Amino acid sequence: MHHLHWRGDILSVYAIAGFGLLLFANAPNRLILVVGILLVLNIPARLQDAYMALNHIDTGAMWGQIFDEPGNKRYLQLIREGNYLPFVLDNLAVFPKKMQFQLLSGRIYITFGFFLLGFWFARKRLLQNFQSERPFFKKILMYTLVIVLVLVAVAVVIQVSGVFNNKIQPPLWLNALFSTLFDLLNASTVLFYVAGISFLFSKKSWHDILESTAVIGKIALTSYLTQTLLAWFIFFGFGFDLLGRVSPAVGYLIGIGVFLGQIVFSKFWLSRFYYGPVKWAWRSLTYLKAQPFVR
């Protein structure tokens with residue numbers, strides 16, 4: 001349903017990946033960790049690329065179908081017009097392309113890999129026992145920082161040197177290497193954020209600041225859907241139609257304003273209710289029983 005109203009929706013991907021977690025409910029921790037690492041490094045996508053290259057499958061044509069330029073222009077026009085039914089039907093029609101992108105790029109493997117790593121973190125209770133696990137988090141912080149800095153430096157050198165440009169097509173093995181390094185950079189950046197924010201949260205000077213933003217995460221589903229609703233009326237033709245009509249700086253300010261407003265709303269809501277409204281409805285449907293709601 002959310003995809004019908006926002007093409008960039010991630011909930012549909014999470015739903016598919018979430019079912020996969022059931023297969024690992026009773027799996028040993030080591031297996032969860034190994035599979036999670038392989039997936040966040042996007043190994044299935046690299047094997048997929050190798051298979052397509054060996055069998056001379058034209059991936060360029062496949063990507064061309066996904067990034068349909070005429071379709072993108074039509075979608076932008078639908079956004080501008082603010083005509084609900086054609087907009088929703090167009091989003092429905094491109095859902096298969098969205099899933100094709102997830103598989104071809106390997107994004108869905110990466111997402112599921114991070115689900116597994118989160119599952120492993122929770123089983124080991126690493127965040128709950130942060131003080132005793134500080135050496136572990138320190139290693140993650142330092143190793144990932146080095147990886148990120150080195151890979152960013154390599155990318156800058158390649159870009160500045162102009163070794164590769166639109167006229168030179170790198171060989172397949174080099175493309176595969178660059179893709180692997182890009183996935184390593186992304187995975188390392190995520191883990192760096194996790195470790196870094198964990199350290200900041202443990203410091204008194206930062207704890208209160210970060211704690212004040214945590215309330216949004218406590219009603220994350222409601223917050224996420226509310227952002228879509230607000231963005232609809234701010235940027236799309238259904239409301240003020242500001243998409244492409246304001247500078248990026250103004251867009252950032254609007255986003256920050258929405259986020260700060262959600263912090264205030266989340267604090268207000270959680271002082272009176274146990275869950276966000278969408279989470280409460282979802283839990284009630286899951287257990288087929290109305291869950292406690294009002295404090």
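Okay, a definition to start: when I say helix, I mean a DSSP run of at least four residues, and the helices are numbered from the N terminus. Keep in mind that this is a predicted model.

With that, let's look at the end of helix H8. Right after H8 comes Gly 106, and its phi is positive, near 85 degrees. On the other side of that glycine we have H9, so how do the two helices sit? The axes of H8, residues 95–105, and H9 come within 5 Å and cross at roughly 75 degrees. Anything from 65 to 115 degrees counts as roughly perpendicular, so that's what we call H8 and H9.

Who's touching whom? From H8 it's Phe 101, Gln 102, Leu 103 and Ser 105, and from H9 it's Arg 107, Ile 108 and Tyr 109. Sort that contact by class and you get four nonpolar, two polar and one charged residues.

Now stay with H8 for a second. Its buried residues are Lys 98, Met 99, Phe 101, Gln 102, Leu 104 and Ser 105. What do they pack against? The partners are H1, H2, H4, H5 and H9.

Let me pick one of these, Leu 104. Is Leu 104 buried or exposed? Buried means under 20% relative accessible area, and Leu 104 has 6%, so it counts as buried. Beyond its sequence neighbours within four places, Leu 104 is in contact with Gln 48, Met 52, Met 62, Trp 63 and Ile 66. Also, its C-alpha is 9.8 Å from that of Pro 44, although the two are 60 residues apart along the chain.

Next up, helix H2, residues 11–21. Buried here are Ser 12, Val 13, Ala 17 and Gly 20. Looking down the axis of H2, those buried residues fall within an arc of 130 degrees, so they line one face of the helix. And that buried set packs against H8 and H9.

Finally, the cores. The largest nonpolar core has 16 residues, and the ones touching the most other members are Phe 24, Ile 32, Phe 112, Leu 116, Phe 121 and Phe 137. Helices H3, H9, H10 and H11 each supply at least two residues of this core, and the largest share, four residues, comes from H9.

Take Phe 137 as an example: leaving out neighbours within four places in sequence, it contacts Phe 121, Leu 126, Leu 127, Phe 130, Ala 195, Ser 198 and Phe 199. Apart from the largest core there's another one, of 11 residues, including Trp 232, Ile 234, Phe 236 and Phe 238.

Definitions and conventions:
Residues are numbered from 1 along each chain as its sequence is written. This is a predicted model: local features need pLDDT of at least 70, side-chain atom pairs count only at pLDDT 80 or more; totals for chains, interfaces and linings use all residues. Side-chain values use heavy atoms; hydrogens and water are left out. A nonpolar core is a set of buried Ala, Val, Leu, Ile, Met, Phe, Trp, Tyr and Cys residues joined through side-chain atoms within 4.5 Å. Buried means under 20% relative accessible area, exposed over 50%, partly exposed in between (1.4 Å probe, protein chains only). Contact means heavy atoms within 4.5 Å. Axes are lines fitted to C-alpha atoms, for helices over the stretch in contact, and angles run from 0 to 180 degrees between N-to-C directions. Angles under 35 degrees count as roughly parallel, over 145 as roughly antiparallel, 65 to 115 as roughly perpendicular and the rest as oblique. Ala, Val, Leu, Ile, Met, Phe, Trp, Tyr, Cys and Pro count as nonpolar, Asp, Glu, Lys and Arg as charged, and the others, Gly among them, as polar. The arc is that of the directions from the helix axis to the C-beta atoms.
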